[in-house]
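Please open the model in your viewer and keep the selection panel at hand. The tour proceeds by selections, each followed by an account of what is found there.

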Amino acid sequence: MAGTPILQLRNLTKVFGNFTAVNDIDLDFEEGEFFTIVGPSGSGKTTLLRMLTGMEFASSGDILLRGQRINDLPANKRPTCMVFQSLALFPHRSVGQNIEFSLKMKGVDPAVRKARALELMLQLRLPETYYSKNVTKCSGGERQRVALARALAYEPDILFFDEPLSAIDYKLRKTLEKELKDIHRETGKTFIYITHSLEEAMVMSDRIGVMRAGKLVQVGSPQEIYSAPQTKFVSEFIGDVNVIAVTAIGAASLRAAEFATNLKCLPVPAGFTAGYLVVRPESLRFVGSPGETDNCLEGRLYNEYVLGSRVQYQVRVGDHVFIVEKLRQQAFGGHRDDKVLIGWDAEGSILVTD
Amino acid sequence: MNGSADRMRRAFIWSWTGAVIVFMYLPAVSLLLASSTSSRYFIFPVTKWGFDWWQKTFASLEVHQLFKTSLVIALCVTAVAVVIALFGALAFARYEWKGRSIYQKIVLLPIFFPQTVLGLALLLWFNALGFTMSWQTAVFAHLVWIIPVCTLVISIQVYSFDPALEEAAFDLGATRWQVFREVTLPVLFPGIFSGALFAFLLSWGNFPLSLYTTGADTTLPEYLYAKMIAGYTPGVPVLGTVSTIGAAFLLIGSYGLILAMRRARQSATE
C-alpha cells in the first residue's frame, strides 16, 4: 500500500479483569481508505473502536496518529469522530443544531455555524427546510445523514462508525451502504467502520480486517477475503459455504474421512497436512455421472430456496448438509428426496486451516 | 347484539370511573362546603351560607405568616432536594458502579420510615446536637424524606437516557461541563421538573415531620391540626381549601408551562 499510515496500532491490548477483549493487535490504516473491521459479537471490535476514539484506554500497546502517540488523549481532544450505533442524535435539538453542535462547543459565530450546517446538509442531500426540523421527526435514513453531517462538521481526520446501519431494514440499508461509500469518495476522509456483517463490509470497504476473540485473523481487500480466506472461520463468515474436513495425501489429493473418499484439489499448498476444504455453493453443480467433474458425491435433495435471482438447494450426503446455488434461469428441476450427484472441479475449492 | 353489549360495557366503565372520581374528590368538595358557612360551627347540612370566614381568614396576619413559613420551607426543600436528587439519580440509574444495588436500596429506605417516628428521631438528634428547632431544622427534616422520593422520580427519566448522547457530545469536542449543560441537563429536564414539583408539594403538605421539628415556627398543616384539636372555626376548611386549590393550580400551571415551552420550541424550529 502506498502512502503513510494515518493511524497505526502497535501491540494494542485491552484487558477487562481477567478477560482479554482486544489481544495484541498490529495494524496500519492508510490515509483516505475505507477500512472495515468485521467480527461476530464479542470479538472485541467495539472495544477496539472505543480505544481508537478515546472512549476507552488501552491496557498496553500504542495508538499512533500520524506518528504521534495518542493513547492517553481523551475523546474530546482527538481529531477523530464517531457515528454511533444508536446515532445518539440530541433529541432536544433540531437537525441544524445537531449538525452545529461541535462548532458551538468551539464558540464559532452562529451565522458561520449555520452556513456550514447548510453546506453539509446540501452535500448529504438533506433539504434546506430540515434545518429547523425536530430530529426525532426525521426518518431512519435522514437521521443517518444528520449523524454523518454532525460528525463531518467536526472536520475529523478519521471518521469512525459503530454499526450505524444495523437497526435499519434491509432495503434501506443496501441503499445507505452505497451512499456511504459515495460520501467517502466525496470527502476523501479516512473511514473506519465496524460491523458484524461481512456482506456490508464487502460493499463499502477498500480493506477488511476480520476479528475473532480479540485477535485480527485476516486483513485484505474484499476480493482477497472472499476468494482466499485463510481460515475456516473467515470462510464461514462470508456466508453459506460447504466445508469438508480433509487431510493431505498427495500433491493434489486429499482424504475426506467423513465420506470415505479421496478428493482432488489444485493446488494443495506445500506444508498443508490437515484442515478444511471450502467449496462455494456456486462452485457446486448437479452432474449426471461421476466422471463429469473431478470430485463427486451422491446425496439426496432435501429442500429448495428461491433467493430472487438465484436458487439454492440443500443436498444431504449422509448427515452432511451441502448447499448448491444456481442462477434462477438455470434452475435444477429435481424433486424432494431425489437421489442426486453433486460435483466440483479440482480448481473450484479453497483449502483453509482451522 | 354485539353493539348493545359493547354499549353496556362502556356505560359500566364510565360509571365506575365516575364513582371513583367522586369518591376521591368528595372530601375536598365537602371542605369547600364547610368553609362557605356563616355559622361558627361545623354543621351539615349548612344552614347559613356565606363567605365571611374566607374574608376573615385572608385578613388574618397570622395566616399570612403561616403561608410564608410553609412557602419558605417548601422552596428551600425544593432547591436543595432537586440538586442532590439529580446527582443521586445519575448514580442510581445512569452509571454502573460497584455497590450500586446496595445504594439503590439504602437511598429508598427512608421513604418507608413511618414519618412520625422519623420526625421524633430527628428531633432527638437535633437536641443532642444542640440545635434550636425552627423552620431551618424542618427543612432538613423534610429533606431526609423528600430527597429519596425526588431521586426516584428523576431516576425514571434517567433510565430512559441514552448514555451514548453524552459520549457523542464528548466525542464532538465538548468539555465535561459542556456535556452536562448542553446535553444531560436539557434531556433530563422533564424528570427534574417533576422531581421539583413532587418536592415542593410533599413539603408543602407535610405534617408529621414539621410537627416535631419546626419548634416555634408553624406551618400550615400544623396550624390546621392544632385548630381542629382545639378552637375550630370555619377558617380551618377555608385554609384547607385554599391549600388544596393552590396545589392544584401549581400542578395544572406547570403542566401548562411545559406544554407552552414545548410549543414555543416547536414553533421556533418549524
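Why is H4(A) largely enclosed by the rest of the structure? The reason is that 10 of its 14 residues are buried, a residue being buried if 20 or more other C-beta atoms, placed from the backbone, lie within 10 Å of its own.

Before making selections, note that this is a predicted model, in which local features need pLDDT of at least 70, side-chain atom pairs count only at pLDDT 80 or more, and totals for chains, interfaces and linings use all residues. Residues are numbered from 1 along each chain as its sequence is written, while chains are lettered from A and ligands numbered from 1 in the order in which they are written.

**Helix H4 of chain A**

Select residues 140-153 of chain A, which form helix H4; helices are DSSP runs of H or I with at least four residues, strands are runs of E with at least two, and both are numbered from the N terminus. From its first C-alpha to its last, H4(A) reaches 20 Å, close to the 20 Å expected at 1.5 Å a residue, where the expected span is 1.5 Å times one less than the number of residues. Its buried residues include Gln144(A), Arg145(A) and Leu148(A). Next, add the elements that cover them: among these are strands S6 (80-83) and S7 (158-162), together with helices H2 (95-106), H3 (110-123) and H5 (170-187) of chain A. Just after H4(A), Glu155(A) takes a positive phi of about 50°.

**Chain A as a whole**

Now display the whole of chain A, which has 8 helices and 20 strands. Its C-alpha trace spans about 75 × 45 × 40 Å along the principal axes. Colour residues 5-228 as domain 1 and 240-352 as domain 2, these bounds coming from an automatic or database domain assignment. The C-alpha centres of the two domains lie 39 Å apart. Of the 354 residues in chain A, 39% are buried.

**The side of chain B that touches chain A**

Turn to chain B, which averages a pLDDT (the predictor's confidence in each residue, from 0 to 100) of 89, with 97% of the residues scoring at least 70. For the complex, the predictor gives an ipTM of 0.84 and a pTM of 0.81. How many residues of chain B are in contact with chain A? There are 18, and they meet 20 residues of chain A, two residues being in contact if their C-beta atoms, placed from the backbone, lie within 7 Å. Helix H7 (163-171) and H8 of chain B each supply at least two residues of this side, and H7(B) gives the most, with 7 residues.

**Phe200(B) and its surroundings**

Select Phe200(B), which lies in helix H8 (residues 176-204) of chain B. Phe200(B) is buried, because 23 other C-beta atoms lie within 10 Å. Not counting residues up to four places away in sequence, Phe200(B) touches Ala74(B) and Thr78(B). Measure the C-alpha separation to Ser70(B): the two residues are 130 apart along the chain, yet their C-alpha atoms are separated by 10 Å.

Finally, select Ala199(B), which touches Val77(B), Thr78(B), Ala81(B), Val82(B), Ile146(B) and Cys150(B), again not counting residues up to four places away in sequence.

Notes: Buried ≥ 20, exposed ≤ 12 C-beta atoms within 10 Å, placed from the backbone.
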